[in-house]
Amino acid sequence: MRSFRIQVNGGSYTVSLEQVGKERFQATLNGVTYDAEVTAKGNLTSWIVRTDAESTHAKAMNRPNDRVDIWLASMPFPAIVQTLGIGGYAAPAETRAKAACDRIRALMPGRITSVLVKEGEEVKEGAALLILEAMKMQNEITSPNSGIIKRIFVREGETVKKDSLLISIE
Amino acid sequence: MKMKLFIANRGEIALRIIRTCRRLDVRTVLAYSEADGESLPIRYADEKYPLNGSAPTETYLNIPKLMQGAVKTSCDAIHPGYGFLSEDPGFVQACEENGLMFVGPSSRTLAKLGNKLQARQVMKECGVPVIPGSDGTLADEDEAVELAEKIGFPVIIKAVYGGGGRGMRIARDSNEVRKFSRITRLEASSAFGRGDIYIERQLTQPRHIEIQAIADTHGKIITLGERECSIQRRHQKLVEEAPSVALDPSLRAKLTDAAIRGLGVSGYTNAGTVEFLVESSGDFYFLEVNKRLQVEHLVTELTTRVDIVEEQLNVAAGDSLDISQNEVDVVGWAINCRINAEDSREGFIPTPGTVIYYHPPTGPGVRIDSALFSGCTISEYYDSLIAKLAARGMTRDEAIRRMRVALEETEIIGVPTTVPLHVELMHDPNFVKGDFDTTFLNSFIPRLNSRIERYEKLAAVVAAVEKTRSPGAWRTEETQKESRWRTAARTRSVSR
C-alpha cells in the first residue's frame, strides 16, 4: 500500500493504492475504491478507471519530477504527485504494518486459468501468481510485495466473483 | 456545375464547403492567414491564396485583399461561410462590382434586412408577430425609459448593428434601462461602429426555434424544417437539434408560413434562417434572420439528407433548386454539440494552444465537422469553435444515446474543451425529457461543476497510478526539445 498527496486543479487529495496486476491498481480516495487499468501505452498512457457507479477513460503523460498531466473528457487536469512518508515510495508505518499480510482479491469476475505458485513458496514483488481470464483477456495477477504465499484460495479452472479472495501473502 | 469557388473563411466551415465542392468537381481556392498556414482545409483545396497577417481585420475581414485574391485566381464565385463577412452588404456589393457570384443573398436583400430593426419592420409589415418594443432607434435614455414602462419589465436593450449574441443587455427597472442604454450604446459604437439601440420586452423562458429555408432566383422557396437552439450560454448556442420537441404540426406550420412570408417579401435568395422565440403558450415572435449558412446546419442535413452547401452553389449559379418542398422529408432526430476550446472552470475563457493528440469519434449516425488534427494549433486570433459533433437517431432518445457514446470516444488532448459540459448535458434528466428553454444553462452550471469535481478525483487517482507505473520519470531529465505546449502547460500549473 502506497499513499500519495495529489494536487489537481487547486484541489488536494490523498490517494492510497495497491498494485493488483501488471498494469492494474486499486486506489482509494475518500473511502471510494477505484480500479485503474492501463489500456494502451506510448507517449500518452491510456487508462480506464472503474468505480461502482461508472467507468471513465483517461489519458496521462508522465512529466519530470512530481508532475503528471491527466486528461478526462477532453479536459486537461495537470497534477502534482507527492509521496507520503519518508523518501521514495516508503509507505507510512501504519500502512506498512497492514501490508504485512496481503490479501489478493479478484478485480473482476472471471475464471482462474493457471495458478503459478504453491503455498509456502517465496515470491518477489511483481512475480506472477495466477492468471485470471476475464472478458476474453488473460490477466496476470502479480504479487504487490515480496513475501511467502500463505494460502491459495482458488483452484485452476475455478470461476470467481468480483472481490473474491484469491491468495494471501505474508 | 462549372464554377471556380473562392472560400473567404477558415477552419471547419472551409473544410465543410470544400468537401461538397470536391464531390461536385467544383474547383476551390482557399484564402488563408499566416496563422492558418498549416490548416487542414489547405490540404484539400485545389489552390490556396495567402492573406498577409493573422488578425481578422488584416485577413478574413479585409474586403480589398479578398477581392484581389478572387480576381487574381480567376474565381467565378465566393463562399463566405459564416461569421466574418458573410452578412456584410459592403462585401457583397464588392463581389457584384467585380463580377463575382456571392454565395448568399444579394446586396439589395441584405440592405433590406440589413440590421435587426429593419428586419423587424419587414416582418411586422407582412404580419409576422414581433416582440413588443420600439419601432425605431431610440433617441435618448428618456425615450428608452418611457417605452420600457409602456411595454413592461424586464426589457432587453439591443444594439441595432449587433450580432452573434453580443450587444444585448437585460434591464429590470427604469434605472437599469437608463444605465444599460448608455453602456450598450457606448459598447456598440466601439464594437460595431454604430451605437444605435432599440428595446424589446424580455420574454420569460422562451425557446429559441428557427426555420431553415432556401430560395432560388426563380421565385422558388422551400423550408427544411426547424432547429431547436435553446441551449445557450450568454445568447451563444451550444447545442442544437432538429426537429424540436416543442412544435406540434400546427405550430410548425405557423412558423414555417411566417418564415416563407418574411423571406418572400424581402426577395430573399440562397440559404437563410428565420429565428423565433416561442413561449410555452405557443405564442411566437420573430427574432432575426440569419442570412448565411449556419454553424448548426448539419442537424438539418442529417434529418433531411439535403446537402445545403450544394443547394447554395446551385442557387448562386442561377440554377433552380434541385429539390421541391414535397420531396423534403424530415426523418429521425439529430443533435449537435459545439465543442469549443474553452475552460468551463474559468468562466468559459477561450483557451488557445496545441492539440497534441486528436481522436475523433465515429459510428452509426455520428458526424463530426472539424478541422482538428494531432499537432494542430488553436489560434488565439479566431473563434473558439473547434469541432461540431452531431449524432442522429430514429428517435431523440437514440440520438442522445449515440451522442453519449461519441462524446466518450472523443479525445482532444491539449486544450480544455466544452466536452464535459456536453457529457453532463446528455445525462441531464430535464434535457433528456426535452424540458428546457433559453434559460436552462444558467441553472445547469452547478451540475457541471460537480462533474468536474468527480473528474478531479479521477485525475488524482490516475496521477498516482501513472507515477507508480513508470516511476522512472521521477528522476529523468527533460531530454526532449522543449515544445511550446510543454512550456504552456508548466506556466499554467505554476500560475495556478
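# Exercises on a two-chain predicted model

In this predicted model, 43 residues of chain A and 37 residues of chain B make up the contact between the chains.

**Exercise 1. Describe the side of chain B that touches chain A: which elements supply it, and what classes of residue does it hold?**

Solution. Start with the elements. At least two residues each come from β22 (411-413), α13 (419-426), α15 (440-469) and α16 (484-495) of chain B. Next, look for the main contributor: α15(B) gives the largest share, 15 residues. Finally, sort the residues by class. This side of chain B has 12 charged, six polar and 19 nonpolar residues.

**Exercise 2. Find the largest nonpolar core, and say which residues touch the most other members.**

Solution. The core has 157 residues, and those touching the most other members are I70(A), I7(B), A459(B), V461(B), V462(B), A463(B) and A464(B). Now ask which element gives the largest share of this core. That is α15(B), with 12 residues. To see one member in detail, take A459(B). Leaving aside residues up to four places away in sequence, A459(B) touches V8(A), I70(A), L72(A), F77(A) and A79(A). A second core, separate from this one, has 16 residues, among them A144(B), A159(B), V160(B) and A188(B).

**Exercise 3. Work out the strand order of the open three-stranded sheet of chain B, and explain why β7 (168-171) and β8 (197-201) each have one side without a neighbour.**

Solution. First, the order is β7-β6-β8 (chain B), and the pairing is antiparallel. Second, β7(B) and β8(B) are the edge strands, each with a single partner strand, so one side of each lacks a neighbour in the sheet. Third, from one strand to the next the twist averages 25 degrees.

Then follow one pairing more closely. Strand β6 (residues 155-159) of chain B is joined to β8(B) by five bridges, the two running antiparallel. Within this pair, R201(B) of β8(B) stands opposite V155(B).

Last, add the helices. Helix α7 (residues 141-151) of chain B packs on the sheet and touches β6, β7 and β8 of chain B, with its direction at about 15 degrees to that of β8(B). Helix α8 (residues 174-192) of chain B also packs on the sheet, touching β6, β7 and β8 of chain B, and its direction makes about 20 degrees with that of β6(B).

**Exercise 4. Now treat the five-stranded open sheet of chain B: how do its strands pair, and which helix lies across β1, β2 and β4 (77-79)?**

Solution. Reading across, the order is β3-β2-β1-β4-β5 (chain B), with parallel pairing. β3 (47-50) and β5 (101-102) of chain B are at the edges with a single partner strand each, so one side of each has no neighbour in the sheet. Moving inward, four bridges link β1 (residues 4-7) of chain B with β2 (residues 27-32) of chain B, and these strands run parallel. K4(B) has R27(B) in β2(B) as its bridge partner. The helix is α1 (residues 11-24) of chain B, which runs at about 170 degrees to β1(B).

**Exercise 5. Is helix α10 (residues 297-304) of chain B enclosed by the rest of the structure or left open, and what follows this helix?**

Solution. Eight of the eight residues of α10(B) are buried, so this helix is largely enclosed by the rest of the structure. The buried residues include H297(B), E301(B) and T304(B). After α10(B) comes R305(B), which has a positive phi, near 60 degrees.

How values were computed: Residues are numbered from 1 along each chain as its sequence is written. Chains are lettered from A and ligands numbered from 1 in the order in which they are written. This is a predicted model: local features need pLDDT of at least 70, side-chain atom pairs count only at pLDDT 80 or more; totals for chains, interfaces and linings use all residues. Two residues are in contact if their C-beta atoms, placed from the backbone, lie within 7 Å. Ala, Val, Leu, Ile, Met, Phe, Trp, Tyr, Cys and Pro count as nonpolar, Asp, Glu, Lys and Arg as charged, and the others, Gly among them, as polar. Two strands pair if DSSP finds at least two bridges between them. Axes are lines fitted to C-alpha atoms, for helices over the stretch in contact, and angles run from 0 to 180 degrees between N-to-C directions. A nonpolar core is a set of buried Ala, Val, Leu, Ile, Met, Phe, Trp, Tyr and Cys residues joined through C-beta atoms within 7 Å. A residue is buried if 20 or more other C-beta atoms lie within 10 Å of its own, exposed if 12 or fewer, and partly exposed in between; C-beta atoms are placed from the backbone.
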